[in-house]
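Student: I'd like to learn how to read this kind of structure feature by feature. Can we work through one together?

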Amino acid sequence: MSATVYFASVAFDRIDPDATLPARFLRVLERYPLTDMVKGRRVAVKMHLGGNLGYSTIPPLFVRLLIQKLKEAGGDVFVTDVPWATTEAVARGYTAEVLGAPILPATGRADRYFYPVPVEYKSLREIQVAGEIRDSDVLIDLSHVKGHGACGYGGACKNLAMGCVTAATRSQIHALQGGLTWQEDRCTHCESCLEACRYGANRFDEQGTYHIDYEACHYCQHCANACPEGAISIDAEAFADFQEGMALSTRAVLSSFAPGRVLFINFLLHMTYLCDCWGLTTPALLPDIGLVVSEDIVAVEQASLDLIRVEDLIWQGLPKGKRIGSEGHLFQRIHGKDPFVQVRALERYGLGTRQYELVEVQ
């Protein structure tokens with residue numbers, strides 16, 4: 001059976017607040033029995049709050065409208081993300097006063113509040129699921145769609161797999177990618193790689209040799225992407241393993257929620273070359289599309305990717321001189337990784353279906 005995915009477009013036919021995306025978002029939410037879903041229950045709204053000078057995360061207005069609806073339906077609502085992001089959220093206008101709900105670190109301020117879920121996949125043996133997520137009754141997966149260097153695409157799966165776990169688990173999932181290689185003959189010692197690493201996991205010694213502390217490294221590949229000479233590369237053979245790890249992590253996060261207690265919302269607005277975790281915002285890769293909502297994570301991810309067309313690419317959204325491939329989805333052409341790998345894995349693990357009916361809400 002196919003899943004239902006509701007779609008609200010940014011396209012408008014008249015100058016009227018009622019014809020805009022926020023109004024349509026409210027009408028999409030009215031399609032769901034929110035009272036049955038959340039009344040008397042603790043509701044976690046998981047979103048990416050961004051960081052540093054990033055400004056392309058979901059606008060606070062949409063978060064506030066969602067929270068108002070959830071509270072009207074009787075839910076005890078809070079917003080959550082990884083600890084470091086919650087401390088910086090105010091810079092992007094995310095405060096309890098603006099949103100109408102408290103903002104809590106998903107794994108506690110010290111990143112020690114979690115529940116271990118065993119898995120068996122290569123070097124990945126355990127998913128440390130965030131305590132605030134595990135202890136909630138309802139989960140709203142509120143995601144901003146964008147490109148991602150390690151998996152091609154970041155949406156609902158990435159928001160849960162990497163944002164609802166501890167830093168240790170994120171590091172273990174990233175470690176599935178393989179190692180980092182430094183090419184001395186291409187390096188100009190500009191130190192862009194050092195500036196890009198928020199974990200202090202890399203350095204040059206007195207002889208100018210590049211070193212990585214793999215105990216501290218989170219395999220986020222920010223160093224590789226920041227290098228203007230391409231002197232740092234990552235073993236490309238294992239990126240599918242990283243995507244498989246994301247699917248397993250997502251399954252672990254969702255395993256504690258009863259049917260009808262999870263809703264997936266993907267915003268296809270200001271979609272950028274790189275993930276919001278970089279703490280910066282580049283020009284949009286594509287025109288704004290709108291948002292999609294479903295109770296099926298596989299369907300909402302498939303629909304999001306299907307709405308993105310190669311012919312709509314805005315070249316200004318790519319670094320100058322960036323070349324892209326000629327085959328596959330737009331994000332695959334840009335990042336060299338098939339974004340459907342994690343979607344197929346989610347389906348294989350029984351989390352939903354890639355078959356969907358797209359219902360547009362005016």
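**Helix packing, burial and backbone**

Tutor: Sure, starting with a helix pair: from H11, the residues Ala240, Gln243, Glu244, Met246, Ala247 and Thr250 meet Val341, Gln342, Ala345, Leu346 and Arg348 of H14. Sorted by class, this contact of H11 with H14 holds six nonpolar, three polar and two charged residues. Keep in mind that we're looking at a predicted model.

Student: At what angle do the axes of H11 and H14 cross?

Tutor: The idea is to take the axis of each helix and look at the angle between their N-to-C directions. Here the axes of H11 and H14 cross at roughly 40° and come within 9 Å. That angle makes H11 oblique to H14. As for handedness, H11 and H14 cross in the right-handed sense.

Student: Which residues of H12 meet H14?

Tutor: On the H12 side you'll find Ile297, Val298, Glu301, Gln302, Leu305 and Asp306, and on the H14 side Phe340, Val343, Leu346 and Glu347. That contact of H12 with H14 divides into six nonpolar, one polar and three charged residues.

Student: And how are H12 and H14 oriented, roughly parallel or roughly antiparallel?

Tutor: Angles over 145 degrees count as roughly antiparallel. H12, residues 297-307, and H14, residues 340-348, pack at about 155° with axes 9 Å apart. The two helices are therefore roughly antiparallel to each other. The crossing of H12 past H14 is left-handed. Leu346 is worth finding on your screen: this residue of H14 is among those that meet H12, and it is also among those that meet H11.

Student: Let's move to single residues. Is Ser304 buried or exposed?

Tutor: For burial, you read the relative accessible area, and anything under 20% counts as buried. Ser304, which sits in H12, has a relative accessible area of 0%, so it is buried.

Student: What is Ser304 in contact with, beyond its neighbours within four places in sequence?

Tutor: Setting those neighbours aside, Ser304 touches Val145, Tyr153, Asn266, Leu268 and Val292.

Student: How does Asp241 read, buried or exposed?

Tutor: Asp241 belongs to H11, residues 239-254. Its relative accessibility is 15%, so Asp241 counts as buried. Apart from neighbours within four places in sequence, Asp241 is in contact with Tyr121, Lys122 and Leu176.

Student: Lys122 just came up. What is the sign of its phi?

Tutor: When you scan phi, positive values in residues other than glycine are worth a look. Lys122 has one, at about 50°, although it is not a glycine. You'll find Lys122 in the loop between E5 and E6 (124-130). Asp111 is another case, with a positive phi near 60° in a residue other than glycine. Asp111 lies in the loop between E4 (103-105) and E5 (114-121), and its relative accessible area of 22% makes it partly exposed.

Student: What about a whole helix: which residues of H8 are buried?

Tutor: You list the buried residues, then look at what they pack against. In H8 (residues 167-175) the buried ones are Ala167, Thr169, Arg170, Ser171, Ile173 and His174. Those buried residues pack against E6, H7 (156-161) and H11. Try H1 (residues 21-29) too, where Leu21, Ala23, Arg24, Phe25, Val28 and Leu29 are buried. Their partners are E1 (3-9), H2 (34-38), H3 (60-72), E14 (262-268) and E15 (290-294).

Student: Where does His270 lie?

Tutor: His270 is in the loop between E14 and E15. At 24% relative accessibility, His270 counts as partly exposed. For a residue in a loop, ask which residues from elsewhere in the chain touch it. Leaving out neighbours within four places in sequence, His270 contacts Tyr55, Ser56, His144, Thr281, Thr282, Pro283, Ala284 and Asp288. His270 and Thr281 are 11 residues apart in sequence, with their C-alpha atoms 9.2 Å apart.

Student: Last one: how many disulfides does the structure have?

Tutor: You look for cysteine sulfur pairs within 2.5 Å. A search of the whole structure finds zero disulfides. Take Cys275: its closest cysteine sulfur is that of Cys277, 3.4 Å away, too far for a bond. Cys275 is buried, with a relative accessible area of 3%. Cys223, at 10% relative accessibility, also counts as buried.

How values were computed:
Residues numbered from 1 in each chain as written. Predicted model: local features only at pLDDT ≥ 70, side-chain atom pairs only at ≥ 80, totals over all residues. Heavy atoms only, no water. Axes fitted to C-alpha atoms, helices over the stretch in contact; angles between N-to-C directions. Helix = DSSP H or I, 4+ residues; strand = E, 2+ residues; numbered from the N terminus. Parallel < 35°, antiparallel > 145°, perpendicular 65-115°, else oblique. Left-handed = near helix turned anticlockwise from the far one by under 90°. Contact = heavy atoms within 4.5 Å. Nonpolar A, V, L, I, M, F, W, Y, C, P; charged D, E, K, R; others polar. Buried < 20%, exposed > 50% of the residue type's maximum accessible area, 1.4 Å probe, protein only.
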